[in-house]
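Please brief me on the sheets and surface of this model. Keep it short and group the points by topic.

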Amino acid sequence: MTATHPTGTYGSTSAFHFEDSSGCDLYFGRFSGFFGAVNYYNCSNSTAAFNELTDNCGGIQLLASSSISANYNCRGVTFTKNRILHSGDDGLSFLIGAGHNGTISASKIIGNHITKDVGAKGTVGQARGIALVGEPTSTSNNIYDVIVSENTGYYMHEGFIRATGVLRSVFTNNTVDRYAQAGSSYAYQFGDTVTGAYGVIDCIIERNVATNPLNNSKAFVVDGAVRCRLNNNYAIVSIGGEGAIRFDNSNGCVLDGNTFHNNSAFGIQLTSTCQFNKIINNDVSVFVAAGISDSGTANYKENNNGHVSRKVGQLSIGGTNTSVTINHGVSVTSAGRLRVRITPVENWFSSTKWWLSGYSTSQFTLNVSPAPGAGNTVFFEWEAHESEQ
């Protein structure tokens, strides 16, 4: 049996296929031209390391499913230092999948390299890079306690790392250079509520890098994240209308110390379905529309370079004047989120009332009554900040 795929025609055979097994280790293999290269189905306590997969239709797969066999809980499988070159056209270069009651835990994907640049068969191919995919209709996350670290990607057709239905896992020190060759896509995607899959819960996402998108693409997509921490990640993109990192349906996450620059729109974008997230100490100083765009509820922002959450100053009004307009300098995208506190400090003279009006994304107006009077000046201190709601 043969089948034609974007990089050519392959038979139905796999180089190595382990099923319902334990202790299956594979080292220093060289595989080319297979339909499936290395498959672990319902396997535990196994390792694949230092293998090279070149110009295969499939890449590496770890699958857990009750439709395969009775032992559908995969534990302790490690993939390290493998090279996957121009492979994975019929799905993904590296798939960690759990479905039909299956679970995957205590496993590692460390130090692997994936490239989707043109191989011997003359085309880039269609697949993404590394994917952890829980069952799309599951009511709980069935991939957990997995480490994805120090992997590198080059010339990805679409995304480099994707995770859905994942709990308590770590994604750290991964790097991709040149991605989204297929068009508007992403480098990293965590969660995907659009397809009904559960997102990511209690995960750590830190020190990951995305450089040189090949097309108009986001660097990070976070959709359906709960209590996740994104620390010290780095990406610079040019995509209009969306953030270098875009958050949807995400609650209680922390973004701390990241660099997200966008030469066409937002650095960080939180849509209306996001709430109770904390965005602190990030660098979003390169942007066109705004460093941070926040349409959500109760998202706390502080000390972000490129986004001013709070400003203080002094103002005065004197003589026959009864109002003064101040440019507040706070980075608010909606006037309804601006909050201003005014404190009179000296020289009240004849003015006995004051109030604020004219709130906008750039200004506010102080009014007094009556006017201070000829030769008199009233002084105030003010503090303006962005409300979380």
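The points below cover two open sheets, one pair of strands and one surface patch.

The model is predicted. One open sheet has nine strands with parallel pairing. Another open sheet has three strands, and its pairing is antiparallel. A nonpolar patch on the surface covers about 350 Å².

**Nine-strand sheet**

- The strand order is E5-E8-E12-E15-E18-E22-E26-E30-E33.
- Strand E5 (30-32) and strand E33 (259-262) are the edge strands, and each of them pairs on one side only.
- On average, neighbouring strands of this sheet are turned by 10° against each other, direction ignored.
- Within the order, strand E12 (residues 83-85) pairs with strand E15 (residues 113-115). Three bridges join E12 and E15 in the parallel sense.
- Ile84 has Ile114, in E15, as its bridge partner.

**Three-strand sheet**

- The order here is E38-E43-E40.
- The edges are strand E38 (310-319) and strand E40 (338-346), each pairing on one side only.
- From one strand to the next, the twist averages 25°.
- E40 pairs with strand E43 (residues 373-386) over eight bridges. The sense of this pairing is antiparallel.
- Arg339 has its bridge partner in E43, and that partner is His385.

**Strands E16 and E19**

- Strand E16 spans residues 128-133, and five of its six residues are buried. Strand E16 is therefore largely enclosed by the rest of the structure. Buried here means a relative accessible area under 20%.
- E16 runs parallel to strand E19 (residues 161-164), and four bridges join E16 and E19.
- Leu132 is matched with Ala163, its bridge partner in E19.

**Surface patch**

- Which residues make the nonpolar surface patch? They are Tyr27, Phe28 and Phe50.
- Tyr27 belongs to strand E4, which covers residues 25-27.
- Is Tyr27 buried or partly exposed? Its relative accessible area is 42%, so Tyr27 is partly exposed. The partly exposed class lies between the 20% limit for buried and the 50% limit for exposed.
- A patch residue needs over 30% relative accessible area. Tyr27, with 42%, is therefore over that cut-off.

Key
Residues numbered from 1 in each chain as written. Predicted model: local features only at pLDDT ≥ 70, side-chain atom pairs only at ≥ 80, totals over all residues. Heavy atoms only, no water. Patch = residues over 30% accessible without salt bridge, like charges linked within 9 Å, V, L, I, M, F, W, Y side chains within 5 Å. Areas by Shrake-Rupley, 256 points an atom, 1.4 Å probe, with all protein chains shown as cover. Salt bridge = Lys/Arg side-chain N within 4 Å of Asp/Glu carboxyl O. Helix = DSSP H or I, 4+ residues; strand = E, 2+ residues; numbered from the N terminus. Buried < 20%, exposed > 50% of the residue type's maximum accessible area, 1.4 Å probe, protein only. Pairing = 2+ DSSP bridges. Axes fitted to C-alpha atoms, helices over the stretch in contact; angles between N-to-C directions.
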